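Visitor: Please take one small part of this protein and show it to me closely. Then place that part in the chain as a whole.

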Amino acid sequence: MHRPRGHLGGVVSPAGPVAGHGVGQVGGHGVGHGFDAASLRSGPPSSLSSAPQPRPLENLAVNLAGMALPNPVMTASGCAANGRELHRFFDVGELGAFVTKTVMGLPRAGRGTPRMAETPSGMLNSIGLQGPGIDAFVDHDLPWLRSVGARVLVSVAGETPEEFGLVTRVLRNSAAFDTVVGVEINISCPNVANRGLVFACDPDSTAAVVAEVRKELPPQLPAFAKLSPDVTDIVAIARAAVDAGASGLTAINTTLGVAIDALLLRPVLAGITGGMSGPALLPVAVRAVWQLRAAMRADRLPAVPIIGVGGVRSGADALQLLAAGADAVQVGTAIFNDPGAPVRVREELALLLGTHGFSRIADVVGIAHDRTPPTPGPAPKPKPKPKTKPEPTHQSGSAS
Ligand SMILES: Cc1cc2nc3c(=O)[nH]c(=O)nc-3n(C[C@H](O)[C@H](O)[C@H](O)COP(=O)(O)O)c2cc1C
């Protein structure tokens with residue numbers, strides 16, 4: 001059921017109220033941006049009305065490392081809390097999967113305020129993984145998600161690899177665990193034992209965390225490592241994650257930024273740095289997915305499913321990620337402005353895929369790699385001129 005779209009005015013809070021922070025241009029499906037499904041649906045001008053109408057692709061099913069989903073569109077972690085607010089706008093059971101706010105071992109207050117700032121075509125947040133802790137999550141949030149029939153991808157984190165393992169163990173032993181279709185490992189948080197260096201920036205820390213989570217899960221349950229774009233070699237981090245037992249990859253988390261208040265000449269966010277998300281992130285996400293899929297196609301990385309996330313606010317945006325190599329997509333920041341965005345993106349994507357004539361999602365995954373002309377190699381070096389004997393002069397050569 002798709003409930004009528006309403007306007008939250010910033011009420012769908014990531015982990016606290018964001019009202020008052022206008023994100024008007026962040027998630028907006030503005031003119032000239034993305035794909036206008038309505039115009040396709042309304043069909044061609046009357047003189048052409050006998051032409052066949054594009055039909056949405058009906059079979060949107062995907063299977064990500066054994067995680068069977070009816071469609072490839074999910075929420076992004078932290079952008080729809082734990083589902084209750086979003087459920088006022090559409091049935092969260094309609095999503096491919098609902099991805100929860102990252103949960104850690106203990107309740108956390110998060111960082112100080114202000115925690116959100118607008119940026120051109122995006123926003124910065126420094127929520128700081130505020131949350132109720134894993135015990136409250138399994139007692140209250142997970143049973144509710146189960147009661148509405150949601151397929152749940154639970155995002156887990158910790159300050160140490162052991163905390164990641166502990167959180168996963170509590171989840172695994174919880175009463176509503178059967179609604180969990182997979183775990184997303186949020187490695188974009190600081191490793192307290194390693195000078196606060198983010199796990200996702202170091203292959204060894206990444207591997208340690210993934211191994212701890214993996215050993216607590218039933219072997220058939222997929223675990224996705226969520227990668228940061230703020231690394232030199234994303235393929236090296238992905239390889240460490242997959243080698244340690246990740247069944248798939250989520251790309252990407254936010255990229256780090258700072259906003260300075262131009263009047264006060266000091267950082268806008270209390271935490272100084274924040275994660276940038278929203279439309280400006282789309283090309284960065286497409287790049288990361290592209291690099292991961294290219295590495296898999298070249299056998300430099302084991303082939304595993306990729307979930308693309310970053311800046312998606314239309315079906316055309318989602319299609320970019322799929323064509324670059326993602327098997328599924330997540331919608332995050334767009335939800336703050338348009339709570340129905342995940343369902344709208346799914347509908348637009350279905351129509352676009354139908355218009356292109358695809359019969360299943362798998363046919364479009366990574367297609368842009370096949371359509372890329374081979375990169376021209378270095379220009380051939382000019383051949384050295386053969387050494388020639390000095391040209392005979394007129395006088396000496398052709399005396400006759
Ligand atoms: C307010 C906010 C809170 C977020 N919280 C989390 C989180 O708890 N865990 C996580 O893995 N990612 C978190 N993210 C990152 C998103 O899941 C997503 O990777 C990122 O925002 C890029 O997607 P988008 O441009 O569609 O928002 C958060 C993003 C925002 C904007």
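Guide: Here is a close look at one glycine, then one sheet, then the whole chain. The model is predicted: local features need pLDDT of at least 70, side-chain atom pairs count only at pLDDT 80 or more, and totals for chains, interfaces and linings use all residues. Residues are numbered from 1 along each chain as its sequence is written, and side-chain values use heavy atoms, with hydrogens and water left out.

Start at G332. G332 sits in the loop between β18 (328-331) and α9 (334-337). Helices (H or I, at least four residues) and strands (E, at least two) are DSSP runs, numbered from the N terminus. G332 is buried, at a relative accessible area of 11%. Buried means under 20%, exposed over 50%, partly exposed in between, with a 1.4 Å probe and protein chains only. Leaving aside residues up to four places away in sequence, G332 touches A76 and C79. Contact here means heavy atoms within 4.5 Å. S277 is 55 residues from G332 in sequence, yet 8.2 Å away in space, C-alpha to C-alpha.

Now the sheet. Four strands form an open sheet in the order β5-β6-β16-β13, with antiparallel pairing. Its edge strands are β5 (116-119) and β13 (255-258), each pairing on one side only. Strands pair if DSSP finds at least two bridges between them. β5 and β6 (residues 122-125) are joined by 4 bridges. M116 stands opposite N125 in β6.

Finally, the chain. It has 12 helices and 18 strands. Of its 400 residues, 53% count as buried. Among contacts between residues at least 6 apart in sequence, 74% join residues at least 24 apart.
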